[in-house]
Amino acid sequence: MINLTINGKAVQAPEGSTILEAAKAAGIYIPTLCYDEAVEVYGACGLCVVEAQGIPKLLRSCSAKVSEGMVVNTESERVVRSRKVAMELLMSAHDGDCVAPCQLNCPARTDCQGYVGLIANGEFDAALKLIKNKIPLPASIGRVCPHPCEKACRRKNVEEPINIAQLKAFAADMDLKSDSYVPETAPASGKKVAVIGGGPAGLTAAYYLAVMGHSVTVYDMMEKMGGMLRYGIPQYRLPKEVLDKEIAIIEKTGVKLVNNVKLGVDFTIKSLKEENDAVIVAVGAWKSSSMRTKGEELDGVYGGIDFLRGVIKGNAPEIGEKVAICGGGNTAMDACRTAVRLGAKEVYVVYRRTRAEMPADELEIREAEEEGVIYKFLTNPLSFNGENGKVKSITLQLMELGEPDASGRRRPVPIEGKTEEIDVDSVILAIGQKLVTDDVKELSLNERGNIEADPDFFTTSIDGVFAIGDATNRGASIAIEAIGEADRCVKVVDAYLKGIDVETRVPYISRRDESTIDYSDREKKARLTPEVLPADIRNKNFDEVSLGFTEEAAKEEANRCLECGCREYYKCKLLKVAQRYDIDPARFKGEMPQKYTRDENAFIERNTSKCILCGLCVRSCREVMDIHAIGLMGRGFKTDVSPAFALPLNETKCNNCGLCVQLCPTGSLTEKFNLPKQVPLNEEYTEEFVEIDGKKSSVLVSRYNGKVLRVIPNDAISRNSGLTREELESKLS
Amino acid sequence: MRIVIGQGSCGIAAGAEKVKKALLNTGVSADSISITGCIGMCWLEPIVDIYDDENKLTRLVKVGEGDAEKIARFVETGDKALVESLVVSDEDSEFLSKQTRIALRNCGIINPEKLEAYTAAGGYEALKKALSITPEEVIEIIKTSGLAGRGGAGFPTWFKWNAARQSAGEEKYLICNADEGDPGAFMDRAVIESDPHNLIEGMLIGAYAIGAKHAVVYVRAEYPLAIKRLRNAIAQAKEAGIIGENIFGSDFSCDFMIKAGAGAFVCGEETALIESLEGHRGMPRLKPPFPAQSGFWRKPSNINNVETFANVAWIINNGGEAFAAMGTEGSKGTKVFAVTGKVKRSGLVEIPMGKTLRDVIFDIGGGMKTDKDFKAVQMGGPSGGCIPKELIDTVIDYKALGATGAIMGSGGMVVMDESTCMVGMAKFFLDFTAKESCGKCIHCRIGTKRMLEMLERITKGEGKEGDIELLEELCYSIKDGALCGLGQTAPNPVLTTIKYFRDEYEAHIKDKKCPAGECSDLIEYKIIADKCKGCTLCARNCPVNAISGTVKNPHVINTEKCIKCGKCFQSCRFGAIVKE
């Protein structure tokens, strides 16, 4: 035996063993990408380098042998620097998306590609479970979310984005129809958490904390839970029955819901903190913003959310026949469409820019118009004019678009001396909402009057008190933003309760340069939307406008997904090594070596643009299987793995043994699985045994949601058997 | 009188074959004409050497077909006046007279296609001598001589031989690396074309020393003449019992094989060379194990460069001490350089170690061929580095050259004057190594490509603050992380140009100017109105009609249209066009 020291630890290793083998036996991890015991050492990736005392060069630990008294450092500054640059170079030439853009653009990082793909495959319950990993209120959110995911969806470059939000609502509705999914909860932790506010943020935090085994109580000032989802969104968009069902599921996880209690009246943050191990403040923003326009104090001028809340609670204010709504966002749309339904004859939307700049969802704008709403674009209220203290008319300043402002939209500028006056019975100001500052005066506030919360850890000025959602930092935003914050906050609170550290650093992932993607080979297929009630019927009642997807339509729409995210995301060794080091491949941004091309046979798919040339596929095909179906071609940066004689893979001697796929450290080679739509899934792999010609043979079985996805040969017998994946699967006991 | 025509690749390219035919046409007897290899004075080819009956040489240079008649009459009459205009000048003769030739001792003198010519010059005596002593004694002589690997790395030859000798196993291989790939280097080609038996003799001595029964020459396929002459020499040696069983009646047997490489630069790296020999893609193997333990067919193998072997016979004949008497403390013997570029006399130069770069470039090479000043010399090709004029007195010694950031290298020496852009020069070599990378390791495959892209941006005027530092960081990472010598040395041209010409990089990046006026994206051609005579020549030469003006009036260049080809600049006879 040889005695050596690795990272200060005394290690013994048999003579002739490599440093890598010695480190592995001693439980010390050294990253490798081109090494595998099945084949001869190669030395391409250079990630296994280590520093040895007295040796000026870095050693590749996969080949350097141990020697007596050797002092090795596997994580020295020089070693880390070398690996970091290697990874930066490698990733600068790795043209692939780890995760689809839809997921990245979702503030809650919902696995959109995953559930869309599962819906396409008809795996509705699996889809719902995947959604519920990130959103506990998917039927509600699917209906109301302005879906940033769809803005990022690359299908828009073919024709239109996937209808992701409606697909989410579909999967959730399917779940609500029968036995709804209630996640298993972890054993009770004995820790108590109070959540102030039962809106999307508070409910989300409560749900995930409960699943983690904590005892959670939600306190809310209103009669029912739901917050702005209940009191800010009209019934025709989100029927409250749907919300009720979803809240009932949250309650089933053990969350206690307490309504009609108000912060500052019934309890304080400090009093809750005394009774609990942690407090999460998620009180929302419940005050309508002012326009600071003359005449705002007149009777008949209402705040947008105040108006909506009144309608929902059954005490709608008097709005008369002529109503003007000021603003261009979704609250303005909710207000104008509600006004129509209340029976107003002339409903105006006053907006200072044009339709193209309106922040509201395009569908909402269109549906409101169908229902008779009149848009007054490029106008801005100069004054609300009253008679006997009641609003009578609005003087509008006519505007034109000037230079773009900080938001990139063209700034509206008044046209000197041009005004217009419209008669109104009431005005609804839907230009934003604010926190009621008095409620949270126990905490430090920022200059905007919102709670100051750490953007990563959500901590506030009081230890153990965390704050999330509309009440914090930059103020009100969309529900999914609050849900995302709640999800991240829960991880921090859980760590806080357990007294452990938590990592909030966003790990590196690889993303393709959007400008280089070619869609010309994609067949155009129109986006499907659920049917809606006819405008002349729906404008007279509060019935839900959207009728939701049918199963067939949902599957068809989900099938349009381009599958941008990598299927090997969950087991990509390359990504794991990349995330180990704080890398910035953009420093070396340059040409990509390979064109994005796909080649496949019945079981294996090749994507050369992700190849890192570790050579494991080529070497295993040659050294282990003696098949030589693939080899290296070209030189320098253009080097490429190619099937023999540059033929398509299925015209080579490849026998589909799958060893190359098994050894591929990234998503360049993937094994297809038994579902029509290939979805990146966190599969579970188990080794099982089958009988082939009377001999016991090992196979790897991947399962997801209880279903077998792939059966992969795992020894010489199964690899050389010539059996198809289906035949192997049929042999499973 | 004997007529000897220089028929190395250089001579043939310059027209030596035509001269020979023309001479035969004049009636000169074929028997009186013989050939020799590369004389080394490549800029004077074709060269015809006439030896009179007392073996006195008259060297005629830059000979054309039209000179055949004169030469024939001179041979007939001995009247030197006939060929006076062709006789090499005294000044040019110094190119050879100032050299000390050991590896090249027979080059340009003997007929490379005749074994007798080699034996007449004392050939194969060293082999006989070596076979009369033990292999250990042979290694001891080489050790005394201080001979180090001439391929570039400068590793002591005796040490490698000894390691291979000590390695267990009956089956061993001796391999000659003749995959000379540096742009501008042609030392090895000249040795094989001009004195193939010297290589064979050196290799046989090496094979005897390490205990190999098989000798292999890996030579680039782009050297057809070298391959042809080496094949011929091997056949002659076999017939004479010099190659084969029981050589010179001894117990020593050795066969010989030639393998033509397929043109990959990386196959000059010893482990990639072995992969290629075995029929695989030329990619380096991990070291350890070193070839001395596990090489060709996983057997102990020793690999030396052509020039290294070319010294061996001389050392055995003259003793290790004689070789060691030349040179410096750490570098013994002589070194051959292929001097090219902006130097007046380009060709093969062999001089003792310890001479200075000035001796080679100015004393032997004659200085610059243009009126521009000497700027720098690139040593060791793409793996080497540049040495600026301030360091022109650096002595030729492995350590001293290494200290400059350049390397001794295999002997390529590219001389540059003030008109060479050093960023452009680094880019040229990086382009070469990036393309020649085998693609195996990350640092070399992607790192050299990214460096090249940065250099391309800089020379286009798209460089940005921080680029130099990023380049340096990448350089050191590649040196540290690359798998083989190709990658580990690829950053040298960049590092040395940054070290000595940082201001030139900064001018490209900050001022968007190329001080040498070579980067076309960063220069502009202008006509100085006062100097322009309105001759219209420039306008007529402009391929894109970017120059306008009327006769006898100053012309103007439309810089929007100008493609910066430089035709106008070259054509102007009044110095009215300037590059800025």
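## Strand β18 of chain A, and chain B beside it

Trainee: Which residues of strand β18 in chain A point one way and which the other, and are they buried or exposed?

Mentor: Keep in mind that we are looking at a predicted model. Strand β18 of chain A covers residues 426-429, and A:Ser426 and A:Ile428 point to one side of it. A:Val427 and A:Leu429 point the other way, and all of these residues are buried.

Trainee: Which residue is the bridge partner of A:Gly303 in β18(A)?

Mentor: Happy to walk through it. Strand β11 of chain A, residues 301-303, pairs with β18(A) in the parallel sense, over three bridges. Within β18(A), A:Gly303 has as its bridge partner A:Leu429.

Trainee: What stands opposite A:Ser426, a residue of β18(A)?

Mentor: Look at strand β12 of chain A, residues 322-326, which runs parallel to β18(A) and is joined to it by four bridges. Opposite A:Ser426 stands A:Val323.

Trainee: Zooming out, how many Å separate the centres of domain 1 and domain 3 of chain A?

Mentor: Chain A is divided into five parts: domain 1 (2-75), domain 2 (101-181 + 512-558), domain 3 (192-286 + 435-498), domain 4 (294-432) and domain 5 (592-730). Taken over C-alpha atoms, the separation between the centres of domain 1 and domain 3 of chain A is 51 Å.

Trainee: Turning to chain B, what is its radius of gyration, set against that of a compact globule?

Mentor: Chain B has 23 helices and 17 strands, and its C-alpha atoms fill a box of roughly 85 × 65 × 40 Å along the principal axes. For 580 residues, a compact globule would have a radius of gyration near 25 Å. The value for chain B agrees with that, at 26 Å.

Trainee: What share of the contacts in chain B with a separation of 6 or more comes from residues 24 or more positions apart?

Mentor: Let's start with burial: buried residues make up 55% of the 580 residues in chain B. Of the contacts with a separation of 6 or more, the share from residues 24 or more positions apart is 72%.

Trainee: Which element gives the largest share of the side of chain B that touches chain A?

Mentor: Here 25 residues of chain B are in contact with 27 residues of chain A. On the chain B side, the elements giving two or more residues are α17 (422-436), α18 (442-459) and α19 (467-481). The residues of this side divide into ten nonpolar, six polar and nine charged. The largest share, eight residues, comes from α18(B).

Notes
Residues numbered from 1 in each chain as written. Chains lettered and ligands numbered in written order. Predicted model: local features only at pLDDT ≥ 70, side-chain atom pairs only at ≥ 80, totals over all residues. Buried ≥ 20, exposed ≤ 12 C-beta atoms within 10 Å, placed from the backbone. Pairing = 2+ DSSP bridges. Domains from an automatic or database assignment. Rg over C-alpha atoms; globule rule 2.2 N^0.38 Å. Contact = placed C-beta atoms within 7 Å. Nonpolar A, V, L, I, M, F, W, Y, C, P; charged D, E, K, R; others polar.
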